[in-house]
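Work through these exercises with the sequence and the model open. Try each task before reading its solution.

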Amino acid sequence: MASLIHRLDDLRRSGMLGQLIRFGIAGGISTVIYSAVYLPLVWWVFPNLAVAAVPFAFAVAVTCGFFLHSFWSFKGHGSRDNSGRQHFKFLIVQGFGLLLNALFTWVLADLMHYPEWVPLIPIVTVTPVATFALNRQWVFG
């Protein structure tokens with residue numbers, strides 16, 4: 001227990017604990033947006049190919065997420081690059097997230113025929129962990 005408290009204190013002092021909390025809140029908002037676009041699309045527009053809804057939902061959520069993460073989640077961390085390089089890196093990370101989400105959706109909903117909401121489970125657990133690490137180290141680091 002003491003090592004956990006020590007680790008949390010280290011995370012707090014480094015600023016990473018605050019970033020994780022802000023990232024989680026911003027990610028929650030992005031997830032609600034993603035779901036609000038994805039679910040109606042798979043129910044009414046793409047009922048037999050759920051993966052087709054992923055790019056649309058992702059585009060809306062990532063646009064919101066970029067502003068939330070750059071101005072809030074990672075505020076004060078690293079540097080900001082106005083040359084376009086940082087935006088390009090962010091897009092690469094988000095492209096990776098898009099591929100993960102499409103893979104989860106295609107395998108779970110389209111191939112395995114689980115309900116369309118099932119891919120949201122790894123989408124809200126696995127993808128955020130991967131994109132947080134990449135954003136913190138590579139994009140905003």
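## Exercise 1: The overall fold

Of the 141 residues in the chain, 38% are buried. The model is a predicted one.

**Task.** State how many helices and strands the chain has, and give the spans of its C-alpha trace.

**Solution.**
- Step 1. Count the elements. The chain has five helices and zero strands.
- Step 2. Read them in sequence order. The pattern is α-α-α-α-α.
- Step 3. Take the principal axes. The C-alpha trace spans about 50 × 45 × 20 Å along them.
- Step 4. Look at the contacts with a separation of 6 or more. Residues 24 or more positions apart account for 72% of these.

## Exercise 2: The nonpolar core

**Task.** Find which residues have the most contacts inside the largest nonpolar core. Then find which elements give two or more residues to this core.

**Solution.**
- Step 1. Size the core. The largest nonpolar core has 27 residues.
- Step 2. Rank by contacts inside the core. Y34, Y38, V42, F90 and L120 have the most.
- Step 3. Assign elements. α2, α3, α4 and α5 each give two or more residues to this core.
- Step 4. Follow V42 outwards. Setting aside residues up to four places away in sequence, V42 touches P47, A50, A53 and E116.
- Step 5. Add the general background. Nonpolar side chains tend to be buried together in soluble globular proteins.

## Exercise 3: The largest pocket

**Task.** Describe the volume of the largest pocket, the residues closest to its centre and the make-up of its lining.

**Solution.**
- Step 1. Start with the volume. The largest pocket has about 390 Å³.
- Step 2. Go to the centre. The lining has 25 residues, and G27, S30, T31, P128 and T131 are the closest to the centre of the pocket.
- Step 3. Trace the lining to elements. α2 (16-45), α3 (54-73), α4 (85-111) and α5 (120-139) each supply at least two of its residues.
- Step 4. Find the largest share. α2 provides it, with eight residues.
- Step 5. Sort by chemistry. The lining divides into 11 nonpolar, 14 polar and no charged residues.

## Exercise 4: Two residues of α4

**Task.** Decide whether G97 is buried or exposed. Do the same for N101. Then list what each residue touches beyond its sequence neighbours.

**Solution.**
- Step 1. Place both residues. G97 lies in helix α4, and N101 is in helix α4 as well.
- Step 2. Apply the cut-off to G97. Its relative accessible area is 0%, so G97 is buried, as the limit is under 20%.
- Step 3. Repeat for N101. Its relative accessible area is 2%, so N101 is buried too.
- Step 4. List the contacts of G97. Leaving aside neighbours within four places in sequence, G97 is in contact with F58, T127 and T131.
- Step 5. List those of N101. Not counting residues up to four places away, N101 touches Y34, V54, F58, I123 and T127.
- Step 6. Inspect the side chains. A polar contact of 2.8 Å joins N101 and T127.
- Step 7. Check a distance. The C-alpha atoms of G97 and I29 are separated by 16 Å, and the two residues are 68 apart along the chain.

## Exercise 5: A positive phi

**Task.** Find where H113 sits, and decide whether H113 is buried or exposed.

**Solution.**
- Step 1. Locate H113. The residue is in the loop between α4 and α5.
- Step 2. Read the backbone. H113 has a positive phi of about 60°, although H113 is not a glycine.
- Step 3. Apply the cut-off. The relative accessible area of H113 is 64%, so H113 is exposed, as the limit is over 50%.

Notes:
Residues numbered from 1 in each chain as written. Predicted model: local features only at pLDDT ≥ 70, side-chain atom pairs only at ≥ 80, totals over all residues. Heavy atoms only, no water. 1 Å grid on protein atoms, 1.4 Å probe; cavity = no way out; pocket = protein on both sides within 12 Å on 5 of 7 lines; lining within 4 Å. Points joined across faces, edges and corners; volume = space filled by probe spheres on them. Helix = DSSP H or I, 4+ residues; strand = E, 2+ residues; numbered from the N terminus. Nonpolar A, V, L, I, M, F, W, Y, C, P; charged D, E, K, R; others polar. Core = buried A, V, L, I, M, F, W, Y, C linked by side-chain atoms within 4.5 Å. Buried < 20%, exposed > 50% of the residue type's maximum accessible area, 1.4 Å probe, protein only. Contact = heavy atoms within 4.5 Å. Polar contact = N/O pair within 3.5 Å; in protein donor to acceptor, adjacent residues only side chain to side chain.
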